[in-house]
Amino acid sequence: MSEKKPIKIVTIGGGSSYTPELMEGFIKRYEELPIKEIWLVDIEDGKEKLEIVGKMAQRMWDASPYDVKVYLTLNRREALKDADFVTTQFRVGLLNARIKDERIPFSYGLLGQETNGAGGIFKAFRTIPVILSIVEDMKELCPNAWLINFTNPSGMVSESVMRYGKWDKVIGLCNVPIASMMAEPATIGKTLDQLTYRFAGLNHFHWHKVYDECGKEVTQDIIDAIYSGKDTGVPENIHKLPLFKEQYDAMKMLACGYHNYYYRQEEMLKHGLEEYHGVGTRGQQVKKTEEELFELYKDPALDHKPEQLAKRGGAHYSDAACETIASIYSNANRHIVVTTRNNGAIPDLPSDCAVEVSSFVGATGAKAIAFGPLHPAERGWLQCMKNMELCVEEAAVTGDYGMALQAFFLNPQIPSGETAKRVLDELLIAHKKYLPRFKKKIEELEKEGVTIKDDVARELTEQGL
């Protein structure tokens with residue numbers, strides 16, 4: 001076999017606090033994944049953070065045995081030229097946009113969350129047009145590259161790349177399945193290499209089953225372990241609240257942490273509202289954590305990922321992104337949970353839609369592993385959520401206000417009616433600078449005198465943030 005050439009990796013959103021996690025993963029896998037150069041790309045508003053993170057990233061490589069050069073740029077096209085892999089981890093509007101996504105729904109008694117409910121829909125509205133513009137640049141500058149997307153809402157963003165960008169070399173990632181696989185085995189006295197996992201669903205809305213080395217299903221054993229108080233890897237950013245045991249026993253599958261927002265909606269909303277009225281929403285809390293992280297990153301002696309990064313809720317990011325890239329590069333066909341085209345893996349959903357499933361990942365991408373049909377409760381949830389996602393994606397691409405309303409009314413976190421429409425209108429006003437496709441409707445709303453009820457969100461908007 002001929003020796004493969006060293007590779008060029010481009011990370012869009014390179015000034016993210018997650019970048020050290022990514023560097024750690026690449027360093028750990030260098031012998032399998034010989035990187036020649038890494039380009040970290042960001043926008044003008046992220047220039048300062050890019051400089052801080054970029055210097056730290058280079059220190060991490062310099063402390064390793066490997067000679068890798070980290071380049072920093074605000075010119076995306078310069079970076080993309082001849083890239084082999086492009087990873088995306090950006091946030092349109094930065095954390096201030098997240099805070100508005102959270103606070104505006106909460107001000108009306110609705111869930112405000114980064115990837116669920118109204119906030120998740122608006123993150124998609126802002127992000128999908130940007131990812132599609134990145135794809136257009138890739139078609140011209142690196143037509144053979146793989147796009148590895150970690151930008152939330154990862155499922156909808158990745159599906160838009162396939163459906164509207166007509167780009168098949170894309171894989172969507174999430175750290176949530178990895179967190180489960182790393183924490184659950186110990187709850188039943190096993191190690192990961194003794195277990196076989198099978199995941200099926202959508203990003204932040206999947207279920208899984210587990211089997212031991214003899215082929216015996218041990219899903220119920222892990223369910224029982226949950227109720228004995230054992231940690232099963234629920235992300236740091238989700239309020240810990242077990243599902244009702246009787247429901248778990250009926251499902252005979254393990255849910256992901258984000259299912260709390262649907263299966264324990266009442267309690268999760270109450271907790272979110274308490275934070276909204278007290279310590280601040282998750283985005284406000286993360287903003288403080290990020291400030292602390294970047295102060296650490298400035299330390300010229302720091303050449304490794306700090307433990308505090310785990311508080312961001314993105315633990316194991318590198319394991320998801322780097323393992324996927326390494327498996328494609330070396331054609332390893334490893335089992336990785338990814339967002340990819342369904343192709344019949346879940347027969348309850350169309351073959352051409354995106355799903356988050358166990359897959360074998362190799363040089364040709366992700367080959368989804370068949371999971372089979374789901375039971376009525378899970379099938380009902382899944383079909384509702386997928387059709388909601390399809391409405392979100394269409395609205396993001398077209399700027400169709402009626403389709404945005406359809407998405408809102410389909411979303412289980414948003415009771416349909418006048419309040420839902422008001423939240424939609426306020427969020428459009430709040431994110432005006434990032435929603436050019438909704439420009440005409442936003443102008444109409446402004447003429448009607450629509451204002452933002454929440455003081456913090458209104459002040460951020462008035463300041464142009």
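Me: How are the axes of helix H4 and helix H12 placed relative to each other?
Reply: Two packed helices are described by the angle between their axes and the distance between the axes. In this predicted model, the axes of H4 (residues 94-106) and H12 (residues 282-297) come within 8 Å and cross at roughly 155°. Angles over 145 degrees count as roughly antiparallel, so H4 is roughly antiparallel to H12.

Me: Which residues in H4 and H12 meet?
Reply: From H4 come Leu 95, Asn 96, Arg 98, Ile 99, Glu 102 and Arg 103. Their partners in H12 are Arg 282, Gly 283, Gln 284, Val 286, Lys 287 and Glu 290. This contact of H4 with H12 divides into three nonpolar, three polar and six charged residues. As you look at the lists, keep in mind that an α-helix has 3.6 residues a turn, so residues three or four places apart point the same way.

Me: Staying with H4, what is the phi of Leu 94?
Reply: Leu 94 has a positive phi of about 60° although it is not a glycine. Leu 94 belongs to H4 and counts as partly exposed, at 36% relative accessibility.

Me: And Pro 105, is it buried or exposed?
Reply: Pro 105, also in helix H4, counts as buried because its relative accessibility is 0%, and the cut-off for buried is under 20%. Leaving aside neighbours within four places in sequence, Pro 105 is in contact with Lys 100, Leu 110, Leu 111, Gly 112, Ala 118, Gly 119, Val 423 and Leu 427. There is a long-range pair to look at as well: Pro 105 and Ile 414 are 309 residues apart in sequence, yet 9.1 Å apart in space, C-alpha to C-alpha.

Me: How can I check the span of a helix such as H7?
Reply: Take 1.5 Å times one less than the number of residues, then compare that with the distance between the end C-alpha atoms. For the twelve residues of H7 (residues 176-187), the expected span is 16 Å and the end C-alpha atoms are 17 Å apart, which agrees. Helix H14 (residues 376-398) has 23 residues; they should span 33 Å, and its end C-alpha atoms are 33 Å apart, again in agreement.

Me: How many residues of H7 are buried?
Reply: Ten of the twelve are, so H7 is largely enclosed by the rest of the structure. Among them are Val 176, Ile 178, Met 181 and Glu 184. In H14 the buried residues include Leu 382, Met 385, Lys 386 and Val 392.

Me: What follows each of these helices?
Reply: H7 is followed by Gly 189, with a positive phi near 70°. Just after H14, Gly 399 takes a positive phi of about 75°.

Me: Which residue other than glycine has a positive phi near 55°?
Reply: That is Lys 252, in the loop between helix H9 (245-251) and strand E9 (254-255). Lys 252 also touches Thr 219, as do His 208, Lys 209, Val 210, Met 253 and Leu 254. Thr 219 itself sits in helix H8 (residues 219-226) and is buried, with a relative accessible area of 1%. Its side chain makes a polar contact of 2.8 Å with that of Glu 217.

Me: One last feature: where is the peptide bond that is cis, with omega near -5°?
Reply: Look from Asn 152 to Pro 153. Pro 153 lies in the loop between strand E5 (146-149) and helix H6 (154-163).

Conventions. Residues are numbered from 1 along each chain as its sequence is written. This is a predicted model: local features need pLDDT of at least 70, side-chain atom pairs count only at pLDDT 80 or more; totals for chains, interfaces and linings use all residues. Side-chain values use heavy atoms; hydrogens and water are left out. Helices (H or I, at least four residues) and strands (E, at least two) are DSSP runs, numbered from the N terminus. Buried means under 20% relative accessible area, exposed over 50%, partly exposed in between (1.4 Å probe, protein chains only). A polar contact is a pair of N or O atoms within 3.5 Å; within protein, one must be able to donate a hydrogen and the other to accept it, and residues adjacent in sequence count only if both atoms are side-chain atoms. Contact means heavy atoms within 4.5 Å. Axes are lines fitted to C-alpha atoms, for helices over the stretch in contact, and angles run from 0 to 180 degrees between N-to-C directions. Angles under 35 degrees count as roughly parallel, over 145 as roughly antiparallel, 65 to 115 as roughly perpendicular and the rest as oblique. Ala, Val, Leu, Ile, Met, Phe, Trp, Tyr, Cys and Pro count as nonpolar, Asp, Glu, Lys and Arg as charged, and the others, Gly among them, as polar.
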